Amino acid sequence: MPNHLHGILQIRTEGDAPQQERFGKPVPGSLPTLMRSFKSAVTREARLRGLATHVALWQRGYHEHVIRNQQDYLRIAQYMADNPRRWQQDRFYVAV
């Protein structure tokens with residue numbers, strides 16, 4: 001899908017899991033901190049390469065789902081693999 005991104009992120013922690021982030025207080029290793037850093041790095045690189053100027057590259061926020069078992073993982077992985085084939089059904093699809 002050229003208009004969005006899917007990914008599976010595995011967060012491994014030693015000891016206690018990262019605490020929940022509060023406004024203005026990022027928690028290293030937390031999902032919000034990782035997502036913000038990822039979006040920032042991609043935006044910076046896109047601008048350096050001239051791929052984006054002042055256009056917003058990301059929607060606000062993100063959707064998350066905790067994968068709890070192998071069956072859940074396989075279902076999500078299959079959805080992601082099949083997703084590009086559904087591009088023509090996307091409401092933002094424009095034939096070129």
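User: Let's start with a definition: a residue is buried when its relative accessible area is under 20%, and exposed when that area is over 50%. By that rule, does Trp87 count as buried or exposed?

Analyst: Keep in mind that we're looking at a predicted model. The relative accessibility of Trp87 is 19%, and the cut-off for buried is under 20%. So Trp87 counts as buried.

User: Which residue forms an aromatic pair with Trp87?

Analyst: Searching the whole structure turns up 2 aromatic pairs. One of them is edge-to-face, with 5.5 Å centre to centre and 85° between the planes, and it joins Trp87 to Tyr93.

User: Is Tyr93 buried or partly exposed?

Analyst: Tyr93 has a relative accessible area of 28%. Buried needs under 20% and exposed needs over 50%, and whatever sits in between gets the middle label. That's why Tyr93 is partly exposed.

User: Zooming out, how many helices and strands does the protein chain have?

Analyst: One of the helices is helix 1, residues 31-48. Another is helix 2, residues 70-82. For the protein chain, the secondary structure comes to 2 helices and 0 strands.

User: What percentage of the residues in the protein chain count as buried?

Analyst: The protein chain has 96 residues. The cut-off to apply is under 20% relative accessible area. The share that counts as buried is 14%.

User: How far apart are the end C-alpha atoms of helix 1, and what span should we expect?

Analyst: Helix 1 has 18 residues, at 1.5 Å a residue. The expected span uses one less than the number of residues, so the helix should span 26 Å. That agrees with the model, where the end C-alpha atoms are apart by 26 Å.

User: Which residues of helix 1 are buried, and which residue just after helix 1 takes a positive phi?

Analyst: In helix 1, the buried ones are Thr33, Lys39, Thr43 and Ala46. Just after helix 1 comes a positive phi of about 75°, and the residue taking it is Gly50.

User: Which residues does Leu34 touch, leaving out residues up to four places away in sequence?

Analyst: Leu34 lies in helix 1, and it is partly exposed, with a relative accessible area of 33%. Leu34 and Ile11 are 23 residues apart in sequence, with their C-alpha atoms 9.8 Å apart in space. Leaving out residues up to four places away, Leu34 touches Leu9, Ile11 and Gly29.

User: Which residue forms a salt bridge with Asp72?

Analyst: Asp72 lies in helix 2 and is buried, because its relative accessible area is 12%. Its salt-bridge partner also lies in helix 2, 3 residues apart from it, about one turn of the helix. In an α-helix there are 3.6 residues a turn, so residues three or four places apart point the same way. With the closest N and O atoms 2.5 Å apart, the partner of Asp72 is Arg75.

User: What else is Asp72 in contact with, leaving aside neighbours within four places in sequence?

Analyst: Contact here means heavy atoms within 4.5 Å. Leaving those neighbours aside, Asp72 is in contact with His65, Val66 and Ile67.

User: How many salt bridges does the structure hold?

Analyst: Among them is Glu45 with Arg49, where the closest N and O atoms are 2.6 Å apart. Another joins the side chains of Arg85 and Asp82 at 3.0 Å, N to O. The number of salt bridges in the structure is 3.

User: In the pair Glu45 and Arg49, which residue counts as exposed?

Analyst: Glu45 is partly exposed, because its relative accessible area is 35%. At 60% relative accessibility, over the 50% needed, the residue that counts as exposed is Arg49.

User: What is the area of the nonpolar surface patch that includes Trp58?

Analyst: Trp58 sits in the loop between helix 1 and helix 2, and at 32% relative accessible area it is partly exposed. It makes the patch with Leu5, Phe38, Val42 and Leu57. The area of that nonpolar patch is about 430 Å².

User: What distance separates the C-alpha atoms of Asn83 and His6?

Analyst: Asn83 has its place in the segment after helix 2 and is buried, with a relative accessible area of 3%. Asn83 and His6 are 77 residues apart along the chain. Their C-alpha atoms are separated by 9.1 Å.

Notes: Residues are numbered from 1 along each chain as its sequence is written. This is a predicted model: local features need pLDDT of at least 70, side-chain atom pairs count only at pLDDT 80 or more; totals for chains, interfaces and linings use all residues. Side-chain values use heavy atoms; hydrogens and water are left out. Helices (H or I, at least four residues) and strands (E, at least two) are DSSP runs, numbered from the N terminus. Buried means under 20% relative accessible area, exposed over 50%, partly exposed in between (1.4 Å probe, protein chains only). Rings of Phe, Tyr and Trp (its six-membered ring) pair if their centres lie within 6.5 Å; planes under 30 degrees apart count as stacked, over 60 as edge-to-face and the rest as tilted. Patches are made of residues with over 30% relative accessible area and no salt bridge: like charges are joined within 9 Å, nonpolar side chains (Val, Leu, Ile, Met, Phe, Trp, Tyr) within 5 Å. Accessible areas come from the Shrake-Rupley method with a 1.4 Å probe; for residues, only the protein chains shown count as cover. A salt bridge is a side-chain nitrogen of Lys or Arg within 4 Å of a carboxyl oxygen of Asp or Glu.
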